[in-house]
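Reader: I am in my first year and would like a close look at one part of this protein. Please take me through the charged side chains that pair up, one at a time.

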Amino acid sequence: MKSIDELQDELIEEFSGFDDWMDKYSLIMDMADTLPPLPEQYRTDDNLIEGCQSRVWLQADYNDGVITFQADSDALIVKGIVAMLVNVLSGHTPEEIADSDLYFIEKIGLRENLSPTRSNGLLSMVKQMKLYAVAYTAKK
């Protein structure tokens, strides 16, 4: 299993091949296709992330010492963004997730190239994933 930082470095590498933000948006939308469909039972109001302009559902399951995230969104760009977060954080321990510095967001220029509402939504997604990690750390 690759570390969170190794997965982030792979993402940064993938984005470094593009200078144009339209190409980067295309790549983000392609990443949306990597998310498996979210089972209907997880598309609940409880799983909606507060602070996102679009609807974003996040399900976290804790098994064998690691958290597995599943997510979906009704907006393609947002779904691509949450796909990146799921790919980087899913399958790691609560401690690793809680302590992770998600530097890829800055490095690929995501924050300054998103609208303020999307940027806030991104922060809400990260915050929610880290909250799950802290909650599961406390439960151990």
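Author: Start with Glu40. Its relative accessible area is 62%. That is over the 50% cut-off, so Glu40 counts as exposed. Keep in mind that this is a predicted model.

Glu40 has a partner. A salt bridge joins Glu40 to Arg43, and their closest N and O atoms are 3.7 Å apart. Side chains of opposite charge can pair when their charged atoms come close.

Now look at Arg43. Its relative accessible area is 29%. Buried needs under 20% and exposed needs over 50%, so Arg43 is partly exposed.

Arg43 also pairs with Asp72. Their side chains form a salt bridge, with 2.2 Å from N to O. This pair links distant parts of the chain. Arg43 sits in the loop between helix H2 (21-32) and strand S1 (56-63). Asp72 belongs to strand S2, which covers residues 66-73. The two are 29 residues apart.

Is Asp72 buried or exposed? Asp72 is buried, because its relative accessible area is 5%, and the cut-off for buried is under 20%.

Asp72 meets Lys79 as well. The salt bridge between the side chains of Lys79 and Asp72 spans 3.3 Å from N to O.

Put the pairs together. Glu40, Arg43, Asp72 and Lys79 are linked in a network of salt bridges. Follow it residue by residue. Glu40 bridges to Arg43. Arg43 bridges to Asp72. Asp72 bridges to Lys79. The structure as a whole holds six salt bridges.

Next, some charges in another setting. Asp5, Glu6, Asp9, Glu13 and Asp101 form a negative surface patch. Take Asp101, one of these residues. Asp101 lies in the loop between helix H4 (94-99) and H5. Asp101 counts as exposed, because its relative accessibility is 52%.

From that loop, step into helix H5, which covers residues 104-107. Phe104 is found there. Phe104 counts as buried, because its relative accessibility is 1%.

What does Phe104 touch, leaving aside its neighbours within four places in sequence? Its contacts are Gln8, Leu11, Ile12, Met84, Leu85 and Val88. Phe104 can also be placed against Asp5, a member of the patch. Phe104 and Asp5 are 99 residues apart in sequence, yet 8.8 Å apart in space, C-alpha to C-alpha.

How values were computed:
Residues are numbered from 1 along each chain as its sequence is written. This is a predicted model: local features need pLDDT of at least 70, side-chain atom pairs count only at pLDDT 80 or more; totals for chains, interfaces and linings use all residues. Side-chain values use heavy atoms; hydrogens and water are left out. Helices (H or I, at least four residues) and strands (E, at least two) are DSSP runs, numbered from the N terminus. Buried means under 20% relative accessible area, exposed over 50%, partly exposed in between (1.4 Å probe, protein chains only). Contact means heavy atoms within 4.5 Å. Patches are made of residues with over 30% relative accessible area and no salt bridge: like charges are joined within 9 Å, nonpolar side chains (Val, Leu, Ile, Met, Phe, Trp, Tyr) within 5 Å. Accessible areas come from the Shrake-Rupley method with a 1.4 Å probe; for residues, only the protein chains shown count as cover. A salt bridge is a side-chain nitrogen of Lys or Arg within 4 Å of a carboxyl oxygen of Asp or Glu. Lys and Arg count as positive and Asp and Glu as negative; His and the chain ends are not counted. The place of a charge is taken as NZ of Lys, CZ of Arg, CG of Asp or CD of Glu.
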